[in-house]
Each structure stands twice: as C-alpha cells, then as structure tokens.
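Dear colleague,

I am passing on the structure we spoke about, and below it you will find my notes on what turned up when I went through it. Please read them with the coordinates open beside you.

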Amino acid sequence: MVDTAVAETAIGREPRRRVPRLNVLTGVVCGLILAGAGWGVSSWLLSAGDYGADRVVSITMVCWAVGFLVGVGALAGPIRWLLGRDLSVADEHVLAGKDQGVGRYFRFTTDHKVVGVQYLVLSMTLFGVGGLLAMLIRTQLIRPGARFVSPQTYNTIVGMHGIIMIIGTIIMVSGPFGNFILPIMIGARDMAFPRLNALSFWLICAAVPVLLATFFFGGIPTGWSVYAPLSDQAPAGMDCFLITIIIFAISSGIAGVNITTTAVKMRARGMTWTRTPIFVFGTVSSVALGVIAFPMFMAAMVLEGLNRTTGTVFYDAAHGGSAWLYAHLFWLMGHPEVYVILLPAFAAVLELTPVFARKPLFSFLGAVTGIAGIIGLSMFVWAHHMFISGWAPALDGPFMLTTELISIPTGLLILVLLGTLWRGTVWMRLPVMATFAMLWNFIIGGITGIYLSDVPVDQAMHGSMFVTAHFHFTLMGGALTGFAGALAYWFPKMTGRMLDERLGMIGFWIIQIGFNVTFLGMFAVGLAGQPRRVADYPSLFATGNLVSSIGAYIIGSGALIYLYAVVHSWRHGRRAPGNPWGAKTLEWQVPTPVPLENFTVLPVVTSDFYGYGEGGSAAPTPAPRRIAAPVPSGAAATTQEGGTA
Amino acid sequence: MSTATVTLTHGPEELGEVRGRQRLAVLLLIAADAAFVLSLVFTYFYLRALDTEGGWIPQDGRTVGPTAGWVIAGVAVLSAVAYRWGELGIRGGRRGRLLAGSSAALLLVLADAALQTIQLGNLPMPTTDGAYASSFIVLAGYHLVHLVMTAVFGIGICNRARLGRFSAANHSHVEMVGLWWIWVAVSALLTAFTTSFVGT
C-alpha cells in the first residue's frame, strides 16, 4: 500500500527534512548513477549472444527509471510504510510543498494543484517536441524527392512524433485539469491518494528521457504502432520505446485509479451524480477506461520486449507465433485510447460552453448518455483497424456495424453542444472559441471516420494520408482544440493571471486556419492514393503536399504565438479575479490562488451547476460585455472569500 | 448559485471514509492487473488455437505437466487462507493472530516463489522453441512477479503487526492487502487452469 490512511499516521513528530531536499536534480544524478551501474553490470554479464544489445539497453533504461524515482523521493513513502515509520501530519504538509515557493514544482510534491501545474508544463513541453518533429516531417514532404532527412530517420521521426503526441494528448486534460481542477470542482480538499498522484507524474518524467534516448539507439523505424514482426527486427531504440510504454501504462493506471476514486468517493455532500459537473464524467470515464485498456497495451509491449531480450516467439509466425496477436492486443487498447484522449477534452468544452452561452447545459442526461455510450462501444470496435489484415473476414461486418454505431453517442455530444449554443447570448471570449472550432473540426473528423469504418472504403484508404488526416481532425482538431479552450478557461484559476485575450485569439485562429489547410490538403492527397509513413512521393501529389506543408508552418506560427501568450500572461498577465467568468462550479468559488487545502469549510451542494438564466427568469441571462467579473445568475452564493459573489 | 457552505472542523478523516477509498482503489488496481493477466491468458489460448505452421508444441514434443502448476496454485491459495485467518483475528482485536497468520502466509508465498523459480529454471524446452514455451513462460513468470509483490506487502504487514500498528478499529491496510492476496490466489488458479490445456 503506497498511501497510508491519515488515521494511521503518528501525529506530532518533527518534520523530516530529508524528503524535501530531494528534487529533480537528485533524481537525475541518482538515475544516471544507477543507469551507469546497470549498463556496466549487464554489459559484463549479458552482452553476449543474439539478444545482448537489447538486454543491455533494456536493463540500463529500467535502472535509470528506478534510480530517478528513488532520487526524486518517489519511493520514500512505500519504504517508510514497510518500515512502519509513518509520516506525521507535519511531514504531509512538507510533502505537499507548504511554504516552499517555486521549488515545490521541482520536487515530489503531493499537493494536487502543484501536480496539475507540473502536468500542464510537461504536456506543453511534449507538444513542443512533437510539434517540432511534425515540422521536420512536413519539411521532408514539402516537395517530391526532398532529402532533408534520410528515409530511416524520417520513419523514426514519424514514429516519435506519433508517440510523443499520443502521450501528450492522453495527459493533456486529465493531467493538468483532472488534477488541479477536478478535486476542487467536486468539493474535495485533495486527491484520494496524494502520493500516488505525484508518483503518476514522476513516472512519466522518468519515461520521457527513455523515449528520447530512442534517437540514440537507432530509432523506431516502424511508426508509433510498432507492428510486429517489424518491431522484432528494429534496432535497440525499440527497447527504449517498449520501456517507455510500460512505464507510461503504469503511470496511467495509477492516475486512473486515483482520479476515479477521488471522483467516486470524495464528492461534496449533496453532489449527487445528477449534480456532478459534466467535466467530472468525461474525465473519470476516460481514466477508468484507461485502467482497463492500458494493461493490454502494456501486455503487447511486454511480450515484444521478451521477444527481443529472451527469444520468445509470440509474434513470429515461423515458430508458432502470430502478428495478429500483436494487432489484437495493441488495438484493444488503441481504439479506446482515442476516447481516452477525446472524452476529457470534449467534456471540458461541454463544461465551459454553458458558462459563455449563459444557458444551462442542453440535456445533461444526453451528454452523460453519450459519454457512457462511447465508453461501452469503444471496447468493441478494435478490429476495424484489422480489416485488411486478413483476420476473420466474417467479422468485418459486425465490427463495421459497431464502429458506425459509435457515431451515435458521439453525435449526441455534438447535439448537446449545439443545443447549448442555440439561442444563447454567447459571450465571445477566448475559451468558447474552442467550442466553435471543435464543432467544425470534429464533425469533419467524425464523418470521415464513418467513411473509413466501411469495409470497402477502408480497403481502399487503409494506410493512406486520408487516414492520417482523419485522425488528426479528431485528435488535434477535436481534442487538442478542446485542450486549448480548457487552458484558456481555467488559466486564471491555475495561475492567478488572465490569459492575454488578443494574442491568444490571434494564435488560436492561426492554428485553426493552418490546421484546416494542412489536413484538408492531406485528405486530397490521401484520396488520390498517397500512402502514409513514406519519405517520398510521386509528383502527382506535389501540390497537395506543398499546401499541407505551408499549413503546417502556419500551425507552428500560431502555436508559437499561443505559447507566448501563455508564458507571458503567466508571468506578467493581469491579475485574475476569483471568478472572472461568473461560473457556478465550485472551483470558481474558492479564492485565487487556491489555498493549500482548497476549502476552509466544505461546501454542500443543493442543485446542479448549470442554472444559468434560471432563478426566476426563463430567458438567458445576458453576459457582461466587459472583462470585469460578471455576477452569476440565480441565488446568492457564499464564497470562500467570505463575500457574496 | 447552487451551493451552500457548511462548517466542519478540519481534522483527520473518518476511518470509514478512508477505508472506502482504499477499497475502491485496490479493486481498481486489481481490475487493471486482471486486464493484464487476461491478456496473457488470451495470448496462450489464441496462439494455441491458431497453431501457426504447427508451431505451438515444441518440435520434440516436450511440454510441462499440469501437476506442478496446480501445486503452485494450491500453495498460493493456502497462503491466502492463512492471511485471511490472521485478518479475521485482527478484526476481533487479536494482534498475535494477525502476526501469526500474516507470517505464515508470507512464508507460504516465499515457498511458492521458490517452487515457481525451480519450475521456470528446469523447463524441458527453451524459450525459442514454439509458442507454447513462450506462452507458458510468460504466465508462470508473471505469477512469480505477483508472488514477489505479495511478499513485499506481506513483509510490510508483518512488520507493522509486530510494531502494533493495527487494532480492531484500525486495520484497513490489512484488509486491502488481503484483497490483493486473494486476487493473487485466483490468478494462480487461472494460470494453472490455462496451462493445463497443452495440446491443440
């Protein structure tokens, strides 16, 4: 048991000063020392034979991760539990980063708000690296016959771009906002298991250098899906990739358990499920789905790792294995993972839209049903990725049907958004721009997904740029846009500053224009037959690729502007009032900056949070036209600031 | 606005609340682990059913008999029973019984780990010889991982029981580790059952 009950702590002991001294620097030093030791010992004992290099690389990377976690203090809690030396309340406060200034962001800090900010910075860093790789891809594809990078390097760049963006998008909403906002939103003082919370973050920090080390060990020339048996033949960079995914799966599992438990067990008094904000539903259903889905991905990677280091034959058809096995295990996670990414972002947009439309969420029950329908069906669609693999052709029809069916609950969410906007007096601020952009992008992504779910279309389009454009419209156009909206919405609460609206708007819409230019162009070349993951193409596809590359540079420019707006506002932005949007959910009723324990008195919820325009008036309440904090409609609220909002 | 406030003193949380959270979290962790174990079971049966190129059984036909797997599972079940006996003891406030039960369970788990290691070290076929060998080794190997994790938890519980950290009113960690212990026993039975199906 990693997290101990408060009731079993020894009260009144002096704070231990050993733990706070540990930080990311001691983690790196400890990780490097242990990695060096692992490399030395494994080179001495295990480097001979066919699997020697893979064994040495794998052991070195595992040693790095363990050393880093020890060095950063992540394992102090479990070790103390084993020894029976529980933390005192004072120790817990030290671990939570009380009175430790900026340094707490570089330590194993248990305060959920610190972890949320750590996740935010990490996910934006990952987007920076992944985006840079995307620019390299589009530069290579700017004209036929370009030799910007070698084909082998290009393949690795494509794979690394894919996995970095996948990890970044999985954590981008449930990490920052699921940690910072969700506990306050449900009226809790912290997450259910604060140390597990910090552990899930630092595990990813341990994994990221392992992933980047892939470049130094020959890369992953297989794409991020690392299909077997290609992955069996890949250089040692593949071992780094496998270790990364295993660590990330453990991290996601821990985070999923923590967030689910927090939301299920720690909601404020009176917060029944029908009064629980929709963002909580979206985040919890996403992470709970991940708890089941990621272990299957992990299993696929463990088996591949065993193939590479011990000579097992799971995916080797010549010795009784099967590449289909890998495809099943991978896509059993791979398709639910799309919804793991999408649902929290969609739910964030569902959360913020009523605030700016000044109307109740249109059909709360419809939204919950949509989320539940997506979760339920997502586990039964995986084989549409295997239509042309030759596996069970008789099942193509049923899987086509389930894939088409999932468009119904997804469409329900779109209808809820449209219904919420319909006849609303929309307050046109930066966060709600994400609603409009997401509607446009996601409808295109969704409809092209329905095309691709049809077996005949899929047989023509599989592995083409059309597929690449489709999933970018859902994951980037839908989910990443939702993240941008969520960031703009919760930025004042997380940083205490207002996000620069003008720069933010400019950056946001440049990204959207660039995005549509890039991927509509990609649809065109995909329809014409250009395969994905190939470093060169015939001149037939030249115009479409040039358009896509120009669009990509426009995205890059917009992203830099948006990033500048975020960083500059974080440091120098106008100080934010406690509730700049006049929102009704609990996180806006606490002061900014949020106190260490969130609430001095715990709230009791007496109705849902979407009563905009209610409270005696059937008409929507007009939103204020200025930046000044609007007055929420409905009954007066006693806030944590002691006043009446 | 839709909320009211209520004044509560902020002290240690109630044991019942903490226990409820821990229980849900452990069950979710078990669900995640079960998804992993079932992936390995699926791997075993899937490759056995495919028998690609007749490559399921090793070329010389050597396989592992089912008896050892059931013995290993039996020891895992016995350890879970011993632990449960200790856990029921602390519910009645008998710390000595908890210490005895958890110590016996720990010893049984260590013995089981030794048996599993011996089995893996004396397999009649190498890892490279057919999908059966690969599938068997990964299932048995993961059971060994389970046993090591359980042993670590068991050491913690024994040590804390020795230090008198548990009482009739406050033993949620004993209960949570007990849930895990039961799952490990169930997983051992599942492994033994799966590996009993050898031929295609």
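**Cis peptide bonds in chain A**

Pro229(A) sits in the loop that runs between α9 and α10 (230–233) of chain A, and the peptide bond leading into this proline from Ala228(A) is cis, with omega near 5°. Please bear in mind throughout that this is a predicted model. A further cis bond joins Thr592(A) to Pro593(A), where omega is near -5°; Pro593(A) is placed in the loop between α21 (542–572) and β1 (603–605) of chain A. These bonds seemed worth reporting because most peptide bonds are trans, just as most residues other than glycine have a negative phi.

**Positive phi values**

The second half of that remark brings me to two loop residues of chain A. Asp99(A), which is not a glycine, nevertheless has a positive phi of about 60°, and it lies in the loop between α5 (89–95) and α6 (112–140) of chain A. Arg358(A), also not a glycine, has a positive phi of about 50° and is found in the loop between α13 and α14 (364–378) of chain A. Their surroundings may interest you as well: Asp99(A) counts as exposed because its relative accessibility is 75%, over the 50% cut-off, whereas Arg358(A), at 3% relative accessibility and thus under the 20% limit, counts as buried.

**A buried loop residue and the nonpolar core**

Phe193(A) belongs to the loop between α8 (176–185) and α9 (194–213) of chain A, and with a relative accessibility of 6% this phenylalanine counts as buried. Its C-alpha lies 8.7 Å from that of Thr261(A), although Phe193(A) and Thr261(A) are 68 residues apart in sequence.

The largest nonpolar core comprises 262 residues, and those that touch the most other members are Ile163(A), Phe177(A), Phe241(A), Ile278(A), Phe483(A), Trp490(A) and Tyr562(A). Helix α13 (residues 323–357) of chain A gives the most to this core, contributing 23 residues. If residues up to four places away in sequence are set aside, the contacts of Tyr562(A) are Leu430(A), Ala484(A), Leu487(A), Ala488(A), Leu499(A), Gly504(A), Gly507(A), Phe508(A) and Ile511(A).

**Two helix pairs**

In chain B, the axes of helix α2 (residues 66–91) and helix α5 (residues 172–195) come within 8 Å and cross at roughly 165°, which makes α2(B) roughly antiparallel to α5(B). The crossing in which α2(B) passes α5(B) is left-handed. Among the residues that meet here are Trp70(B), Tyr83(B) and Ile90(B) from α2(B), and Trp181(B), Leu189(B) and Phe193(B) from α5(B). By class, the residues of this contact between α2(B) and α5(B) divide into 15 nonpolar, four polar and two charged.

In chain A, helix α15 (residues 396–405) and helix α16 (residues 407–421) pack at an angle of about 10°, their axes being 5 Å apart, and α15(A) and α16(A) are therefore roughly parallel to each other. Thr403(A), Glu404(A) and Leu405(A) in α15(A) meet Ser407(A), Ile408(A) and Pro409(A) in α16(A), so that, by class, the contact of α15(A) with α16(A) has three nonpolar, two polar and one charged residues.

With best regards

Technical notes. Residues are numbered from 1 along each chain as its sequence is written. Chains are lettered from A and ligands numbered from 1 in the order in which they are written. This is a predicted model: local features need pLDDT of at least 70, side-chain atom pairs count only at pLDDT 80 or more; totals for chains, interfaces and linings use all residues. Side-chain values use heavy atoms; hydrogens and water are left out. Axes are lines fitted to C-alpha atoms, for helices over the stretch in contact, and angles run from 0 to 180 degrees between N-to-C directions. Helices (H or I, at least four residues) and strands (E, at least two) are DSSP runs, numbered from the N terminus. Angles under 35 degrees count as roughly parallel, over 145 as roughly antiparallel, 65 to 115 as roughly perpendicular and the rest as oblique. A crossing is left-handed if the near helix is turned anticlockwise from the far one by less than a right angle, and right-handed if clockwise. Contact means heavy atoms within 4.5 Å. A nonpolar core is a set of buried Ala, Val, Leu, Ile, Met, Phe, Trp, Tyr and Cys residues joined through side-chain atoms within 4.5 Å. Buried means under 20% relative accessible area, exposed over 50%, partly exposed in between (1.4 Å probe, protein chains only).
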